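Grab a pencil and work through these exercises one at a time. Try each task yourself before you read its solution.

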Amino acid sequence: MLGQMMQRPLLIADILKHAQTAFSDSEIISRVNDKSIHSQNFCDLAVRAAKLAHAIQMRGIKMGDRVATLAWNGHQHLELYYAISGMGAVCHTINPRLPVESIAYIINHAEDKLLFIDPGFIPLIDEVLPHLEAPPQIVIMAADNAEPTEFPAEMQIEHHHYEAMIEAMPDHFNWPEFDENTASGICYTSGTTGSPKGVLYSHRSTVLHAFQVGLSFSKALQEGARILPLVPLFHVNAWGLPFTCPLVGASMVFAGQHLDGPSLYDLITTQKVTSAWGVPTVLTTLLQEIESRGETPKSLTNIL
């Protein structure tokens, strides 16, 4: 005998809808490449993700296609998380610290159709492109509508500008419903034997993980908290924080490429970060800066 309660698939887009309704004023703070601060809220995230989904769809991306990112932690990268998976495509986050040969291998293996890159990675992707069997379209994730750094003319690669691409798009997207076991993201292993191995996440696994993290770390993750994910968005979905924070209403603060001790200390202080999440190699630089200044940032209550 089956129950008679309503049945809905567990889909990532519903986390975004929930955040827009319940926690519209919670913030997303990004330190961009020139060290300036970009600020938006969860309502802005929903609108920009909708615009982005339209733009991606117009580039011929359909359900099941892989869309890759090669970027630091920031608001645009977060928007990609929701736009790509929400429309039914698969978000492929690439670790820029991998060797050129490995990056080329995983782009070829995943058969990425579209690739979003931080402007700072243009020299890296220039090295990768000659090894690609079918180079994807490229979108440069510059911070504004200024013309980004161009690719060398000899590369003859099709590329677009992130902000210009989404500017005229509708601010509402009819997020489709589909089987919750549909793939939402793919990450490739590193440091293993042989070629990197792709690991597929589903909408169901991602939503359940977001619930689990929120319950397990409820003292750190709650409405009013300000979370600094030092774990990269290209590393196992940043431990699920891009999904858990909007679920519980916690604001997010992104450091971008500025991970040195002084930059982190200043960001935590000025943005009143309450909780920092990262691995010891990055946190050690923060600890050294705390010891140098002789004071822990007053807002910081816990580190994971």
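For sorting residues into classes, Ala, Val, Leu, Ile, Met, Phe, Trp, Tyr, Cys and Pro count as nonpolar, Asp, Glu, Lys and Arg as charged, and the others, Gly among them, as polar. You're looking at a predicted model, where local features need pLDDT of at least 70, side-chain atom pairs count only at pLDDT 80 or more, and totals for chains, interfaces and linings use all residues. Residues are numbered from 1 along each chain as its sequence is written, and side-chain values use heavy atoms, with hydrogens and water left out.

**Exercise 1: the pockets**

Task: Describe the lining of the largest pocket, then do the second largest pocket.

Solution. Start with the terms. On a 1 Å grid over the protein atoms alone, a pocket is an open set of points with protein on both sides within 12 Å along at least five of seven lines, while a cavity is a set of points where a 1.4 Å probe fits but cannot get out; lining residues have an atom within 4 Å of a point. Grid points are joined across faces, edges and corners, and a volume is the space filled by probe spheres set on the points.

Step 1: the largest pocket holds about 410 Å³ of space. Among its 28 lining residues, Asn 95, Pro 232, Phe 234, His 235 and Val 236 lie closest to the centre.

Step 2: sort that lining by class, and you get 18 nonpolar, nine polar and one charged.

Step 3: the second largest pocket comes to about 280 Å³. It has 21 lining residues, and the closest to its centre are Val 32, Asn 33, Gln 76, Asp 118 and Met 141. Helix α3 gives the most to this lining, with three residues. (Helices, H or I with at least four residues, and strands, E with at least two, are DSSP runs numbered from the N terminus.)

Step 4: by class, the second lining has seven nonpolar, 10 polar and four charged residues.

**Exercise 2: the cavity**

Task: Which residues line the largest cavity?

Solution. Step 1: count the cavities of 30 Å³ or more, and there is one. The largest cavity has a volume of about 60 Å³.

Step 2: go round its wall, and you meet Ile 12, Tyr 81, Ser 85, Cys 91, Ser 184, Gly 185, Tyr 201, Thr 206, Asn 237 and Phe 243. Helix α3 and strand β8 each supply at least two of the lining residues.

Step 3: that wall splits into five nonpolar, five polar and no charged residues.

**Exercise 3: the nonpolar core**

Task: Which residues of the largest nonpolar core touch the most other members?

Solution. Step 1: a nonpolar core is a set of buried Ala, Val, Leu, Ile, Met, Phe, Trp, Tyr and Cys residues joined through side-chain atoms within 4.5 Å. Buried means under 20% relative accessible area, exposed over 50%, and partly exposed in between (1.4 Å probe, protein chains only).

Step 2: the largest core has 57 residues, and Leu 52, Ile 56, Tyr 82 and Phe 116 touch the most other members. Helix α2 gives the most to it, with nine residues.

Step 3: zoom in on Phe 116. Leaving aside neighbours within four places in sequence, its contacts (heavy atoms within 4.5 Å) include Leu 52, Ile 56, Val 67 and Met 165.

**Exercise 4: the strands**

Task: In what order do the six strands of the open sheet lie?

Solution. Step 1: two strands pair if DSSP finds at least two bridges between them. The order is β2-β1-β11-β10-β12-β13, with mixed pairing.

Step 2: β2 (37-41) and β13 (302-303) each have a single partner strand, so one side of each has no neighbour in the sheet.

Step 3: look at β10 (226-229) and β12 (275-277), which pair in the parallel sense over three bridges. Pro 229 has Trp 277 as its bridge partner in β12.

**Exercise 5: one loop residue**

Task: Is Ala 220 buried or exposed?

Solution. Step 1: find Ala 220 in the loop between α7 and β10.

Step 2: its relative accessible area is 8%, so Ala 220 is buried.

Step 3: check what surrounds it. Leaving aside neighbours within four places in sequence, Ala 220 is in contact with Ala 225, Ile 227, Ser 275, Trp 277, Asn 302 and Leu 304. The C-alpha atoms of Ala 220 and Ile 303 are separated by 8.9 Å, though these residues sit 83 residues apart along the chain.
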